[in-house]
Amino acid sequence: MRKGIFIATFAMIFSFGLAAAEISAKDIKEPKLEFGFMIDIEVDKPLTVGKDDEHGLRRLIYIKGGKVSGKINGEVLPYGVDSQVVRPDGLTELVARYAIKLDDGAQIYIDNDGIRHITDPEVAKEAAKGKIVDPKYVYFATTTKFETYDPKYKWMERAIWVCYAVRLPDKVLLRFYEVK
């Protein structure tokens with residue numbers, strides 16, 4: 001009897017799927033980005049923590065507030081921080097942690113990790129002098145994780161998100177995309 005149940009269960013499991021030999025890399029889904037929302041974050045002036053040849057330049061940037069718009073709408077809450085290391089070669093590693101409050105009262109914690117660098121050496125020299133440069137010369141991308149306590153927004157936790165951004169003297173403009 002047990003042998004019959006095992007065979008029936010085994011047959012049922014494999015009747016819904018393909019044999020491994022039938023699947024190849026060409027069957028892997030092509031990722032697509034779907035726009036989700038934007039955030040305009042207001043930031044304070046960077047606080048330099050330290051600088052040396054081993055670590056680079058460490059700075060912290062206080063997140064003061066901002067606006068959320070798109071599939072979700074609301075505000076950026078104060079007390080967030082963007083922690084950055086600027087390496088000697090100009091690559092900036094960034095880790096931003098902050099929270100948003102949506103128009104319906106739900107709050108979402110955001111964990112944004114990424115890099116920023118200027119792609120053209122001549123433009124990098126201008127930026128080093130403190131000039132604002134055309135965003136087309138700046139690679140600024142992050143991966144984003146969300147933490148929410150409202151079941152209505154759990155879908156945000158169950159996907160991979162990427163973000164492209166632009167840094168200005170007193171704000172950061174971000175566009176978030178869900179990988180589909």
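**Exercise 1.** Among contacts in the protein chain between residues at least 6 apart in sequence, what percentage join residues at least 24 apart?

*Solution.* The model is predicted: local features need pLDDT of at least 70, side-chain atom pairs count only at pLDDT 80 or more, and totals for chains, interfaces and linings use all residues. Residues are numbered from 1 along each chain as its sequence is written, and side-chain values use heavy atoms, with hydrogens and water left out. Contact means heavy atoms within 4.5 Å. The share is 50%.

**Exercise 2.** Find the residues of the largest nonpolar core that touch the most other members.

*Solution.* Start with the terms. A nonpolar core is a set of buried Ala, Val, Leu, Ile, Met, Phe, Trp, Tyr and Cys residues joined through side-chain atoms within 4.5 Å. Buried means under 20% relative accessible area, exposed over 50%, partly exposed in between (1.4 Å probe, protein chains only). The core has 27 residues, and those touching the most other members are Phe 37, Ile 39, Ile 41, Tyr 98, Ile 100, Leu 174 and Phe 176. Next, take Leu 174. Leaving aside neighbours within four places in sequence, Leu 174 contacts residues including Phe 37, Tyr 98 and Cys 163.

**Exercise 3.** Decide whether the protein chain is a compact globule or more spread out.

*Solution.* Take the radius of gyration over C-alpha atoms; the globule rule is 2.2 Å times the number of residues to the power 0.38. For 180 residues the rule gives 16 Å. The protein chain has 22 Å, well over that value, so it is more spread out than a compact globule. Its C-alpha atoms fill a box of roughly 80 × 40 × 30 Å, along the principal axes. Of the 180 residues, 32% count as buried.
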